[in-house]
Amino acid sequence: MRKTVSFIFVSLTSLAAVVVAAALFAIVFFIFSESVPAIKEVGLGLFSPNWYPVWEVEPEFGIGTMLLNSLILSVWTSVWVWTIGLGVAIYLHKYALNKERELILRVLEYVSGIPSVVLGLFGVLILGNWFLRLGAWSAQNFLNASIVLSVLTLPFMVSLTFQSLEKVPRQLTEGAIALGAKDLAVTWIELKHAAAGIVNAMLTVFNRIFGETMIVLMVAGGANMLLKSLLDPVRPLTATLGSEIGEVAVGSLHYSVLFFIAFLVLTGCLILNVLSNMITRKLERWIKG
């Protein structure tokens, strides 16, 4: 009986893995096949800074500015989320009282469950008004999007980093203290041991920010201009995809370029996932010696 149950479980698990892999391959293949006309007809012009897809005379399909804005927004927001999230996780792990730790983790859990469209609404109605009162020329701008994206991803960074620190063997910490290590040195030892989980959390956060659509669509501003100020409206790749894919003619060149954007975003996210797994495994082997 146990062998039968084990066989069924292994078979179902293997089948599920094959179905998921096949579905992922089918999605990638479909998106790439739809983007082939844009690659053939536009070529390197896809990376020009000009995006005028509806011009009747000579439309331009350059996504260079949007790609740069996506990368700048992702890196800028990720650095802040990494820094704050790591600091909060260290505080919860080493210094917070039990009730304080439970309260903060519970609040972060609730925040992580807020839909991105609700956070986007907060950025439009609350943060947007604040920016206008402070003299910003656009309520929806780069900084607004960065703040809302930080609220979206900070709970994940804190939670994953805290869990990694909690997995550090207690005897390692106690041994360092017994040898006379100071608090900062002990923290550094714990961070080194938890490095695999922390790096995985950092790359997960970056991936989440880079692929987010609804928030940047609502609060980034929608202007295809290269960022010069934190209060400038910008238009990341995902915002363009989300705003135009439902209005474009199916089979047109504009339609194909949007699928090229989707292929670019998907490829970037998949590469980050692969890098995250590779780096995590190497760090785990390095920790184990």
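In this predicted model, Arg106 pairs with Glu109 in a salt bridge whose closest N and O atoms are 3.9 Å apart. Both residues belong to helix α3 (residues 98-112), where they are three residues apart, about one turn of the helix. Arg106 has a relative accessible area of 46% and is therefore partly exposed. The structure holds four salt bridges, and the briefing below places two others beside the nonpolar core, a surface patch and the annotated spans.

**Further salt bridges**

- Lys94 and Glu190 form a salt bridge, with 3.9 Å between the closest N and O atoms.
- Because Lys94 lies in helix α2 and Glu190 in helix α7 (residues 183-193), this pair ties together parts that are 96 residues apart in sequence.
- The two partners differ in exposure class: Lys94 is partly exposed, at 25% relative accessible area, whereas Glu190 is buried, at 5% relative accessibility.
- Glu244 and Arg235 meet through their side chains in a salt bridge of 2.9 Å, N to O, and both residues are buried.

**Nonpolar core**

- The largest nonpolar core has 25 residues, and those with the most contacts inside it are Trp51, Ile63, Leu237, Val257, Leu258, Ile261 and Val265.
- Two or more residues each are given to this core by α1, α2 (64-94), α8 (195-211), α10 (237-244) and α11 (253-288).
- Helix α11 provides the largest share of this core, eleven residues.
- The core lies between domain 1 (1-47) and domain 2 (64-288), because both domains give residues to it.

**Nonpolar surface patch**

- Phe7, Ile8, Leu12, Leu15 and Val19 make a nonpolar surface patch of about 520 Å².
- Within this patch, Phe7 is found in helix α1 (residues 2-41).
- Phe7 has 59% relative accessibility and so counts as exposed.

**Annotated spans**

- An unreviewed UniProt entry assigns "domain: ABC transmembrane type-1" to residues 67-276.
- In the model, residues 67-276 are 77% helix and 0% strand, and the end C-alpha atoms of the span lie 22 Å apart.
- Under "transmembrane region", the unreviewed UniProt entry lists residues 7-32, 71-92, 104-130, 142-162, 209-227 and 253-275.
- Residues 104-130, one of these listed spans, are 89% helix and 0% strand, with end C-alpha atoms 26 Å apart.
- Residues 209-227, another listed span, are 47% helix and 0% strand, with end C-alpha atoms 17 Å apart.

Note on methods. Residues numbered from 1 in each chain as written. Predicted model: local features only at pLDDT ≥ 70, side-chain atom pairs only at ≥ 80, totals over all residues. Heavy atoms only, no water. UniProt positions renumbered as here; feature names shortened; annotations may be inferred. Helix = DSSP H or I, 4+ residues; strand = E, 2+ residues; numbered from the N terminus. Patch = residues over 30% accessible without salt bridge, like charges linked within 9 Å, V, L, I, M, F, W, Y side chains within 5 Å. Areas by Shrake-Rupley, 256 points an atom, 1.4 Å probe, with all protein chains shown as cover. Buried < 20%, exposed > 50% of the residue type's maximum accessible area, 1.4 Å probe, protein only. Core = buried A, V, L, I, M, F, W, Y, C linked by side-chain atoms within 4.5 Å. Domains from an automatic or database assignment.
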